[in-house]
Amino acid sequence: MKKTLILTTALTAMAFGASAQEITVMSWGGAYGKSQIEAYHKPFTEKTGIKVVSVDADNPATPIKAQVEAGNVTIDVADVEYADAVRLCDEGLLEEIDPSILPDGADGTPAMDDFLPGAVTDCLVTTIVFSTIFAYDSSVFADNPPTTIADFFDLENFPGKRGLRKGAKANLEMALMADGVAPEEVYDMLETDEGVDRAFDKLETIKDSVVWWEAGAQPPQLLADGEVAMTTAYNGRIFNAAVGEGQPFVTIFDGQVYEYDGYVIPKGAPNLEAALDFVVFATETEQLAEQAKWISYGPARKSSGPLVGLYQDGKTEMGPHMPTAAENLQKALPSNFEFWADRDTELNERFNAWLAG
């Protein structure tokens, strides 16, 4: 009797979830949000009849944590950075996702072999590889363009305001690389008090010239408005401004910090089964390749690469603009998610104190 009741309840819940008429997906907005709407949301609705409501946040991890802890979850799926996904999962704030529900690649490769190494965790299915790069306005540095991450910190030879994300992550790594630390030694350095001090000392050299940004759409706007001469940014945002909108912006991949980003489901999502259906659909080979036609983030499945091809303008090859292109990886640093999952709170407290001081 008890088993029958449990089974009946489970089947009823599954049927209700699968028949949900809409789900809410939280992401980062801007050009990135548009790429998801075109590649995932619209075709998912067309296939299933389930409407996808898009909600934007500067960093979806923050409201997801608040909603789950308050017991008032309104988001079904959220797009978060890898380290945040690991941390939220460890804190019990996310639903676990069974990797067996993920389909094989379009070429027949089993899903777990098709995704990039480590891209599927207990609670996350990665969609993209993105990077924090720096970019400049070519009309400002027509005669002497910057080429390295050290140039970003060189106010004497490359004068002008700088844009930086308001937080420790990526800034500390880029500061050390600009100070001469090899990419492969950065996290060993940041494990020491001396290394953290060195990173903050380097940031101090440009602090008075920094305009701080928080949302991904801000850096290209800061460049367009002439508020900064250079800025760190997510590579896809600069690509969209330069190639999609014709802005005179140049991306520098030297010293880039690249990482995974993907979908999670908050614990207690109101439409769990439909949310799972969406995650499965969005992370199929074809859909990941489709998103990469809208913005220059590398797809998380190997089988997606050959399907990417051209940008929406029909003439720009997307491959060279990806952070994972061989030429762009020469002086690149993969973000260490374990480091940031463990030390994010501590280093951001240090960052905020430094900023206030």
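Buried here means under 20% relative accessible area, exposed means over 50%, and partly exposed is in between (1.4 Å probe, protein chains only). This is a predicted model, where local features need pLDDT of at least 70 and side-chain atom pairs count only at pLDDT 80 or more, while totals for chains, interfaces and linings use all residues. Residues are numbered from 1 along each chain as its sequence is written, and side-chain values use heavy atoms, with hydrogens and water left out.

**Exercise 1.** Track down the disulfide and describe its two ends.

Step 1: Search the whole structure for cysteine sulfur atoms within 2.5 Å of each other; one disulfide turns up.

Step 2: Name the partners. They're Cys89 and Cys123, with 2.0 Å from S to S.

Step 3: Place them. Cys89 sits in helix α4 (residues 82–90) and Cys123 in the loop between α5 (111–114) and β4 (125–137), so the pair, 34 residues apart, links distant parts of the chain. Helices (H or I, at least four residues) and strands (E, at least two) are DSSP runs, numbered from the N terminus.

Step 4: Check the handedness. The Cys89–Cys123 link is right-handed, with 50 degrees about the S-S bond.

Step 5: Check burial. Cys89 is buried because its relative accessible area is 18%; Cys123 counts as buried too, at 1%.

**Exercise 2.** Work out the surroundings of Thr316.

Step 1: Find Thr316 in the loop between α14 (305–308) and β10 (333–334).

Step 2: Read its accessibility: 15%, so Thr316 counts as buried.

Step 3: List contacts (heavy atoms within 4.5 Å). Skipping neighbours within four places in sequence, Thr316 touches Phe239, Val243, Gly309, Leu310, Tyr311 and His321.
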